[in-house]
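I sat down with this model and a fresh notebook page. Here is what I looked up, entry by entry.

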Amino acid sequence: KVAPAADAGIPAITQPDWSRFGAVKSVPMGRISKLSAAHLHKSWLNVPHVTHFDETDITSVEAYRQEMKGRAKDLGFSLTPLVFVMRAVVAALKEFPKFNSAMDDEHENLLQREYYHIGIAVDTPDGLVVPVIRDVDRKGAFELARELGEVSLRAREGKLKTADMQGGCFTISSLGGIGGTNFTPIVNAPEVGILGLTRSKSCLARVNGEIVDQLIQPLAVSYDHRVIDGAYAARFTSYIAFILSDVRNLII
């Protein structure tokens, strides 16, 4: 259970008698929703959050995805944009390893991971869950797409095991299929960073003197300011943007 807010020195918010103002019914929270609420509350109280925003031109990556998604469909899975974002995040974690670390319990050392397991926030009928895709750096786009589809289906069917949601290094939360222009995701502690994605948008831009149509993807990286400073976060986010700006960068 979540410790009462007053235990953290924060005045508790109490509920009035809402029935004084109209009809009210009590709807029990599901098990997953209660677990998520407790974890997010703990993270928010313990982690000094900062969010850095950026955007990137994914025109090249999207064109490649459109070329390959038919082949993926023939093989029985969907090739979503999230697959390429996962690859870009791993490239950035390798370049900026503080984002792949965790602070020890004594707050004296960083525990730097040498593997790349990425948590993917999945919206299910019972609430938000974050299954972990392991060893993303060792898998190709089609392998990741197949695994992402399988784990997302298990999540929505309530068939995930506890082990499926453990060991994550960094989390991606994508709301692109729903909408929005940007948001500030909460760090999935003890991880130190999370990437939030919203819907991409088509924009006209001047490039080398010519007006071109670009597909722009907003990026929002929230981070634990005890471990990550602003300049480091800006460079990390900029590197993700760089990787996603040209499909050839995904092989770097």
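The entries below go through a pocket, a surface patch, some backbone details, salt bridges and two distances.

**Entry 1: ground rules**

I am working from a predicted model, so I keep that in mind throughout.

**Entry 2: the second largest pocket**

I began with the second largest pocket and looked up its volume, which is about 370 Å³. Which residues lie nearest its centre? I noted Asn-46, Met-103, Ala-189, Pro-190 and Arg-226, out of a lining of 17 residues.

Next I asked which elements build that wall. Helix H1 (31-46) and strand E2 (101-103) each supply at least two residues of the lining. H1 gives the most, with four residues.

I also sorted the lining by class. I wrote down seven nonpolar, four polar and six charged residues for this pocket.

**Entry 3: the cis bond at the pocket**

Two of the residues nearest the pocket centre, Ala-189 and Pro-190, deserved a second look. A cis peptide bond joins Ala-189 and Pro-190, and its omega is about 10°. I placed Pro-190 in the loop between strand E8 (170-174) and strand E9 (193-197).

**Entry 4: a nonpolar patch**

I then turned to the surface. Ile-10, Trp-44 and Leu-45 form a nonpolar patch there, and together they have about 290 Å² of accessible area. Leu-45 belongs to helix H1, the helix that gives the most to the lining of the second largest pocket.

Is Leu-45 buried or exposed? Neither label fits: its relative accessible area is 39%, so Leu-45 counts as partly exposed.

**Entry 5: positive phi angles**

Here I looked for residues other than glycine with a positive phi, and I have two to record.

- Asp-135 has a phi of about 50° and is not a glycine. I found Asp-135 in the loop between strand E7 (132-133) and helix H4 (141-156). With a relative accessible area of 24%, Asp-135 is partly exposed.
- Asn-208 has a phi near 55°, again a positive value in a residue other than glycine. Asn-208 sits in the loop between strand E10 (201-207) and strand E11 (210-224). Its relative accessibility is 79%, so Asn-208 counts as exposed.

**Entry 6: salt bridges**

How many salt bridges are there? The count comes to six. I followed up three pairs.

Asp-164 with Arg-154 came up on my list, with the closest N and O atoms 4.0 Å apart. This pair links distant parts of the chain: Asp-164 is in the loop between H4 and E8, while Arg-154 is in helix H4, and ten residues separate them. Arg-154 is partly exposed at 32% relative accessibility.

Asp-224 pairs with Arg-226, and here the closest N and O atoms are 2.7 Å apart. Why is Asp-224 called buried? Its relative accessibility is 2%, so Asp-224 falls in that class, for which the cut-off is under 20%. Its partner Arg-226 is partly exposed, with a relative accessible area of 40%. I had already met Arg-226 among the residues nearest the centre of the second largest pocket.

Asp-246 and Arg-248 bring their side chains together in a salt bridge at 2.6 Å, N to O. Asp-246 counts as buried because its relative accessibility is 18%, which is under the 20% limit. Arg-248 is exposed, at a relative accessible area of 61%.

A reminder to myself on the general idea: side chains of opposite charge can pair when their charged atoms come close.

**Entry 7: two distances**

Last, I checked two pairs, C-alpha to C-alpha. What separates Ile-251 from Arg-87 in space? I get 9.1 Å between their C-alpha atoms, with the two positions 164 residues apart along the chain. Ile-251 is in the segment after helix H5 (230-244), and Ile-251 is exposed, with a relative accessible area of 73%.

The other pair is Ala-23 and Ser-222, which are 199 residues apart in sequence and 39 Å apart in space. Ala-23 lies in the segment before H1. Ala-23 is exposed, with a relative accessible area of 88%.

Key:
Residues are numbered from 1 along each chain as its sequence is written. This is a predicted model: local features need pLDDT of at least 70, side-chain atom pairs count only at pLDDT 80 or more; totals for chains, interfaces and linings use all residues. Side-chain values use heavy atoms; hydrogens and water are left out. On a 1 Å grid over the protein atoms alone, a cavity is a set of points where a 1.4 Å probe fits but cannot get out, and a pocket is an open set with protein on both sides within 12 Å along at least five of seven lines; lining residues have an atom within 4 Å of a point. Grid points are joined across faces, edges and corners, and a volume is the space filled by probe spheres set on the points. Ala, Val, Leu, Ile, Met, Phe, Trp, Tyr, Cys and Pro count as nonpolar, Asp, Glu, Lys and Arg as charged, and the others, Gly among them, as polar. Patches are made of residues with over 30% relative accessible area and no salt bridge: like charges are joined within 9 Å, nonpolar side chains (Val, Leu, Ile, Met, Phe, Trp, Tyr) within 5 Å. Accessible areas come from the Shrake-Rupley method with a 1.4 Å probe; for residues, only the protein chains shown count as cover. Buried means under 20% relative accessible area, exposed over 50%, partly exposed in between (1.4 Å probe, protein chains only).
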